[in-house]
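User: I'd like to go through this model label by label and hear what earns each one. Keep it casual, but give me the cut-offs.

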Amino acid sequence: MAWGSYSAFSKEEHMSDIQQIIVPVDFHQHTDDLADFAVGVANKLGAKTTFLHVVEQFAQVVAYSDVDSTSFLQADEELFGRAQKKMTEFITKIKASCQFCDGVVLRGNAADSIVEYARDQKIDMIIMGTHGAQGIEKILLGSVAERVLKRAACPVLIFNPYKGDSGYSLNAPINAAVQPL
């Protein structure tokens with residue numbers, strides 16, 4: 001098979017294989033746009049959608065220092081509780097347009113948690129956004145989307161919220177919505 005001759009979106013039977021989608025969200029500026037796009041794709045495919053949020057754990061980092069980690073453990077618990085509340089509110093808000101949606105909140109490194117969840121739950125596709133980090137920011141912090149894209153065993157569709165005012169049209173060819181990293 002020649003390089004680039006296979007596309008997961010080239011044949012109808014491949015699209016029907018996608019029955020479970022996860023959508024990592026950070027509850028920031030473009031979460032609603034990402035959710036609208038992902039729900040549109042999921043509805044067209046008849047797929048179940050799980051929105052996933054990962055809470056980074058500060059207490060793990062502090063465990064290697066001389067600082068008392070008790071306050072960090074409390075902060076971790078508070079952040080996790082807030083994230084669960086935000087996820088519940090988020091799912092309630094989109095339930096009308098996404099009948100088969102649910103939400104999950106995990107703890108850990110974002111990229112690792114997303115890839116592990118996708119593997120453990122046998123997810124068929126990941127739809128996630130990119131923040132458009134460039135230059136030194138990308139070098140220092142890396143890109144969660146890029147790390148997931150490189151490590152996930154399933155297809156990863158990257159949503160670019162900086163596409164412009166018109167957003168994406170699900171009637172357009174898939175290459176109009178997919179952006180290279």
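**What the labels rest on**

Analyst: Of the 181 residues in the chain, 38% are buried. That label means under 20% relative accessible area, with exposed being over 50% and partly exposed in between (1.4 Å probe, protein chains only). This is a predicted model, where local features need pLDDT of at least 70, side-chain atom pairs count only at pLDDT 80 or more, and totals for chains, interfaces and linings use all residues. Residues are numbered from 1 along each chain as its sequence is written, and side-chain values use heavy atoms, leaving out hydrogens and water.

User: How much confidence does the predictor put in the chain?

Analyst: The mean pLDDT is 79, and 67% of the residues score at least 70; pLDDT is the predictor's confidence in each residue, on a scale from 0 to 100. Among the elements, strand 1 has the highest mean at 97 and helix 1 (residues 12-16) the lowest at 51. Over residues 1-13 the value stays under 50, and the model has eight contacts there beyond four places in sequence. A contact means heavy atoms within 4.5 Å. Where pLDDT is low, the predicted coordinates should not be read in detail.

User: How many helices and strands are there, and how are they picked?

Analyst: Seven helices and five strands. They are DSSP runs numbered from the N terminus: helices are H or I with at least four residues, strands are E with at least two. From the N terminus on, the order is α-β-α-β-α-α-β-α-β-α-α-β.

User: What makes the five strands a sheet, and in what order do they sit?

Analyst: Two strands pair if DSSP finds at least two bridges between them. Here the five strands form an open sheet in the order 3-2-1-4-5, with parallel pairing. Strand 3 and strand 5 (156-159) are at the edges with a single partner strand each, so one side of each has no neighbour in the sheet. From one strand to the next, the twist averages 25 degrees.

User: How do you know that strand 1 and strand 2 pair?

Analyst: They share five bridges in the parallel sense, which clears the bar; Pro24, for one, has Leu52 in strand 2 as its bridge partner. Strand 2 and strand 3 are parallel over seven bridges, and one of the bridge pairs is Thr49 with Cys101 in strand 3.

User: Why is His53 called buried?

Analyst: Its relative accessibility is 12%, so it falls below the buried limit. His53 sits in strand 2, where seven of the eight residues are buried. Leaving out residues up to four places away in sequence, His53 touches Val25, Asp26, Phe27, Ala83, Met87, Val104, Val105 and Leu106.

User: What does the His53 side chain have as a polar neighbour?

Analyst: The backbone oxygen of Val25 lies 2.8 Å from one of its polar atoms. A polar contact is a pair of N or O atoms within 3.5 Å; within protein, one must be able to donate a hydrogen and the other to accept it, and residues adjacent in sequence count only if both atoms are side-chain atoms. At 2.8 Å, this pair is inside the distance limit.

User: Is Ala38 buried or exposed, and why?

Analyst: Ala38 has 0% relative accessibility, so it counts as buried. Ala38 belongs to helix 2 (residues 31-45) and contacts Val23 and Ile127, not counting neighbours within four places in sequence.

User: What covers the buried residues of helix 5?

Analyst: The cover includes strand 1 (20-24), strand 2 (48-55), strand 3 (101-107), strand 4 (125-129) and helix 7 (144-151). The buried residues of helix 5 (residues 110-120) are Ala110, Ala111, Ser113, Ile114, Val115, Tyr117 and Ala118. Helix 5 lies across strands 1, 2, 3 and 4, at about 150 degrees to strand 2. Helix 7 packs on the sheet too, touching strand 4 and strand 5, and makes about 165 degrees with strand 4. Those angles run from 0 to 180 degrees between N-to-C directions, with axes fitted to C-alpha atoms, for helices over the stretch in contact.

User: What makes Asn109 a cap for helix 5?

Analyst: One of its side-chain oxygens lies 3.1 Å from the backbone nitrogen of Ala111, at the N-terminal end of helix 5. Just after the helix, Lys122 takes a positive phi of about 55 degrees.
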